[in-house]
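User: Could you take me through one part of this model in detail? I would like to look closely at a salt bridge within a helix and what surrounds the topic.

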Amino acid sequence: MQPIAITQGDPAGIGPEIVAKAFRDAPDQLRHCFVAGDVATLRRAAQVITRPGVPSLPVAQIHSPGDVADVPPRCVPVLQLPGIPGPQPWGQVSAAAGRAAADSVVWAARAALRGDVAALVTAPLHKEALSAAGVDFPGHTELLQAEAAAHQGVPLAQMPVRMMLANDELRTVLVSIHVSLRDAIAAVTQDNVLQTLQITHAALQRSLGRVPRMGVAGLNPHAGEGGLFGREELEVIAPAIAAARAQGQDVHGPFAPDTVFMRARSTPQRAGEFDVVIAMYHDQGLIPVKYLGVEKGVNVTLGLPLVRTSPDHGTAFDIAGQGVADASSLVEAVRMARALCG
């Protein structure tokens, strides 16, 4: 079994401590996983989560991904990256912390693209720290897109990606990601909506083993109410849906954004009508999934030639270093990465 690389995240945030907690509390799920990052940062995190009466968590330095097979359970294997900044003050934005987070992601992405690891699971980074470090990309998704495009020798435009947030009850994929709301509205074009449907259809068909049922949210209240509240549904979204259906996709809408997520939600009492909802912008799609519980949500990047998952929460600077952060979403991200590796 090929190992899975877990990036350490921003060292000033909760990333390192939830990684350490996951190795301590979920050893079966974390088998064949290792951390790409800084040994001292992970050792500090292991100290932070120490509890009375519980043995301390050892951190072992490994020298290659294959060494993880020799590391016992409830021990954190860390591949020390050269030149990476070490521990940073808790809860503070800094260029050094941003650089450490970015270095970890870049190393893991390149390892996955080379085939040295089966997947990467990314602990949270801080976008301001990333910017302070001079990184040209606002988040994981854009950074990974650039690395994949460079690896395949194609322009960025030929490596389209989308963000999916998923838990056991609901999946949602976004037409646009980290842009202003004004720019997100401008991004609702027929080409972008159709491309989102195509990427989602291909990714979920692979993971589900069947054609996915896709529901599309409108942009405007009541999905435009026949043009009374905006014409994007009539002039942009509906034509994209028609084009996708002509390609054999099982897609329906556009539906009122305030009800389509409820219709797609799957519970033990009721199966959802759709396998995924296509949302027109970031918060429209992420609020419903996160409301169901951030501890179970997983961020998946679709469209890349590698498997990447992540917890659906941020760096939580306000509680960093206290040892109270919940590692459940990280464990779920590892579980989903394994499933996507197939």
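Analyst: Happy to! Arg335 and Glu332 sit 3 residues apart in helix H11 (residues 328–341), so about one helical turn separates them. Please keep in mind that this is a predicted model. The two side chains form a salt bridge, with their closest N and O atoms 2.6 Å apart. The partners differ in how they are placed: Glu332 is buried, with a relative accessible area of 11%, whereas Arg335 is partly exposed at 41% relative accessibility. The pair also belongs to a network, in which salt bridges that share partners join Asp168, Glu332 and Arg335.

For context, the count of salt bridges comes to 12. Another one joins the side chains of Glu273 and Arg263, at 2.9 Å from N to O. This pair links distant parts of the chain, 10 residues apart: Arg263 lies in helix H9, and Glu273 in the loop between helix H9 (257–264) and strand E10 (276–279). Glu273 is partly exposed at 35% relative accessibility, and Arg263 is partly exposed too, at 26%.

A useful contrast is Lys21, in helix H1 (residues 15–25). Lys21 is buried yet has no salt bridge. The nearest side chain of opposite charge, Glu17, is 5.6 Å away, and a salt bridge needs a side-chain nitrogen within 4 Å of a carboxyl oxygen, which is why this pair does not count. Among the residues that Lys21 touches are Ile49, Val324 and Ala327.

Notes. Residues numbered from 1 in each chain as written. Predicted model: local features only at pLDDT ≥ 70, side-chain atom pairs only at ≥ 80, totals over all residues. Heavy atoms only, no water. Helix = DSSP H or I, 4+ residues; strand = E, 2+ residues; numbered from the N terminus. Buried < 20%, exposed > 50% of the residue type's maximum accessible area, 1.4 Å probe, protein only. Lys, Arg positive; Asp, Glu negative; His and termini not counted. Contact = heavy atoms within 4.5 Å. Lists of a residue's contacts leave out its neighbours within four places in sequence.
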